[in-house]
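Biologist: I would like to learn how to read a structure of this kind one feature at a time, beginning with the ligand and then moving on to the protein around it. Could you take me through it?

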Amino acid sequence: MAREFSTVGVVGLGTMGAGIVEVFARNGIDVVAVEISEPALERGRATLTASTDRAVAKGKLAAADRDALHERVHFAVGLPALHSVDLVIEAVPEHLDLKQRIFAELDRVCRPEAILATNTSSLSVTEISVATTRPNQVIGIHFFNPAPVMKLVEVVRTVVTSPEVVADVEALCARLGKVDVTINDRAGFIANALLFGYLNHAVAMAESHYAAREDIDAAMKLGCGLPMGPLALMDLIGLDTAYEILDTMYRRGGRDRRHAPVPLLKQMVTAGLLGRKSGRGFYTYERPGSPVVVPDEATPPATEAALADGARAIAKVGVVGSGTMATGIIEVFAKAGYEVVSVTRGAEKSAKVCEAVKTSLNKGVVRGKLAEADRDAALGRISWSATLDHLADVDLVVEAVVEELSVKKALFASLDEICKPGVVLATTTSSLPVIDVAMATQRPADVVGLHFFNPAPVMPLVEVVRTIRTSPEATATARAVCAALGKTGVVCGDRSGFIVNALLFPYLNDAVRMLEASYSTADDIDHAMKLGCGYPMGPFELLDVVGLDVALAIQRELYLELREPGFAPAPLLEHLVTAGYLGRKTRRGFRDHSHR
Ligand SMILES: NC(=O)c1ccc[n+]([C@@H]2O[C@H](COP(=O)([O-])OP(=O)(O)OC[C@H]3O[C@@H](n4cnc5c(N)ncnc54)[C@H](O)[C@@H]3O)[C@@H](O)[C@H]2O)c1
């Protein structure tokens, strides 16, 4: 029989604690909510009230249920109020000495059979447990932010946590409507171990002005379907908490440099820029605690104003290539009203591309997304050619030929001879340095990267890559074109992986390492990222879709360019590729797809 939890205590009513109180009270459990002082207690109460009022306003909670929920919560200053609870969850700031002090006191005030749990994200549950005389009743219950919304709970057992306590806590999670993964005590557990290297890397991109905060966030939202961008997520987590988590993970997790907090973080924390809770972090919020972002001095001007900023007029566009990307890009431009010249290496290839564009446009018509007349108009705007000479009068060229530097360089040298002055020359490369291609011409200031995502007609993101020679006008033109295509163009520097791949693939590689180390299973890791962080797919699902060979090639590039030891491809990834297990396309990758 699982243990009955009728009253639980929550210590610390900050970002996490207030949410945890709500989770319990919503599920009919009485809560003793404890803070360090009266003002802190009032803040915690206000957070709970605001959150439940929002739920009522959104129609997710009946007003009567809200009132009942509040009646279940008893607020108090000081730990002695917890003398008769069945379970305590501690959610005070991420400092080991503070948590150890609190656990020592909890051990004194709580009933001997009470379970003592910590919501720590990165500290050792074992080290916290030895501050008590009952380490076998100490466990980690790691909720995700915002606790009332996120489904996942990581249950962390130490080597001394009793199996009955683990089972009781698992049953409790089920009662709360949460999905739990039970794991051993390791820095960052599953989700944070995979998340924080990525978050820190995104902060480094912002710090080095590699890309603007809005662009970094838009890239990950639109390119990967994440619920929020990394910098907005840092603001939600709290920069002080994030700093402490990174610092602990660096020290506990093998001194991986990727976890060494980026200096900007410490500066922001010192300056009181803690994220949403202080009203200002990477973004500025309406007021402390508010999720509403308001413009500040770093907010880019509205699109139209920015576009006036030297962007050149584009009416006619050349697209070179005959593969998947070229085909999609031709369709995108033609649909948006541009005159398009498609250049392939022969009439046969042109006929194939033309057929593919027609098929895709027809699908739009069948699905009711495109009028027949618009389809015909789009097709009428495209002319088909097998010679670059027809690009003499276009305003923009988008190159999407094979991913080989020598081929692209030769092509750009030819374009340089053929195209009129002032044309913007764009490459869709996803892995080659744009500057190499630019220097094959006499006009590197006019060369940019336009990294479309596959399938181009569907994906809303384009990475606009500017090299150290790209002119502001060429960048502005590229951005304006993206907007005219109905896509979001994000501007970044010319580094391996640009924004999306540089942030995404090391995370996938880390997941493979975690599996390789037998810390958890592919299913639990996928669950953790989907239910704890709102990712649309878990890392192993995504790797099987992307292709393990593709992932390995990108990861190798990143490693070679940045020489970051943590970016070295996971041996398991290399072995699977060698074995021919490339994912869905070979019916086997991390999972067996032969029966699906
Ligand atoms: N922020 C997140 O996204 C997140 C997610 C999961 C887990 N966590 C973990 O949850 C814990 C709390 O983090 P947070 O972000 O909520 O921090 P926070 O700074 O928002 O809140 C901490 C609260 O603890 C209170 N406190 C401090 N000393 C206390 C004491 N002696 N007695 C009672 N209350 C005290 C503070 O007044 C404050 O309200 C940390 O261990 C953190 O790693 C955070």
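Modeller: Please keep in mind throughout that this is a predicted model. A sensible start is the shell around the ligand, which here is made up of 25 residues, the closest being M16, E35, E94, K99 and S121.

Biologist: Which elements each supply at least two residues of that shell, and how do its residues divide into nonpolar, polar and charged?

Modeller: The elements are α1 (15-26), α4 (96-109), β6 (138-143) and α10 (239-252), while the residues of the shell comprise 12 nonpolar, nine polar and four charged.

Biologist: What lies 2.5 Å from an oxygen atom of the ligand?

Modeller: For such a contact one looks at which atom of the residue takes part. At 2.5 Å from a ligand oxygen there is a polar side-chain atom of K99, whereas M16 places a backbone N or O atom 2.8 Å from an oxygen of the ligand, and N119 has a side-chain N or O atom at 2.9 Å from a ligand oxygen. Of the 830 Å² of accessible area that the ligand has on its own, the protein covers 88%.

Biologist: Turning to helix α10, is T248 buried or exposed?

Modeller: Here a cut-off is needed: a residue is called buried under 20% relative accessible area, and T248, with 4%, is therefore buried. T248 belongs to α10, and its side chain reaches the backbone oxygen of E244 at 2.7 Å. Leaving aside neighbours within four places in sequence, T248 is in contact with S122, L123 and G253.

Biologist: Which residues of helix α21 are buried?

Modeller: In α21 (residues 539-546) these are P539, F540, L543 and D544. They lie on the same side of α21, because the arc they cover around the axis is only 135°. Their cover includes α19 (500-516), α20 (522-533) and α22 (548-562). Just after α21, G547 adopts a positive phi of about 105°.

Biologist: Which residues other than glycine have a positive phi?

Modeller: Two cases are F189, with phi of about 50°, and S518, with phi near 60°. F189 sits in the loop between β8 (179-184) and α7 (191-207) and is buried, at 0% relative accessible area; S518, in the loop between α19 and α20, counts as exposed at 59%.

Biologist: And where are cis peptide bonds found?

Modeller: One joins N145 and P146, with omega of about -5°, and P146 is placed in the loop between β6 and β7 (152-157). Another joins N454 and P455, with omega of about -5°, and P455 lies in the loop between β16 (447-452) and β17 (461-466).

Note on methods
Residues are numbered from 1 along each chain as its sequence is written. This is a predicted model: local features need pLDDT of at least 70, side-chain atom pairs count only at pLDDT 80 or more; totals for chains, interfaces and linings use all residues. Side-chain values use heavy atoms; hydrogens and water are left out. A residue is near a molecule or strand if one of its heavy atoms lies within 4 Å of it. A polar contact is a pair of N or O atoms within 3.5 Å; within protein, one must be able to donate a hydrogen and the other to accept it, and residues adjacent in sequence count only if both atoms are side-chain atoms. Accessible areas come from the Shrake-Rupley method with a 1.4 Å probe; for residues, only the protein chains shown count as cover. Helices (H or I, at least four residues) and strands (E, at least two) are DSSP runs, numbered from the N terminus. Ala, Val, Leu, Ile, Met, Phe, Trp, Tyr, Cys and Pro count as nonpolar, Asp, Glu, Lys and Arg as charged, and the others, Gly among them, as polar. Buried means under 20% relative accessible area, exposed over 50%, partly exposed in between (1.4 Å probe, protein chains only). Contact means heavy atoms within 4.5 Å. The arc is that of the directions from the helix axis to the C-beta atoms.
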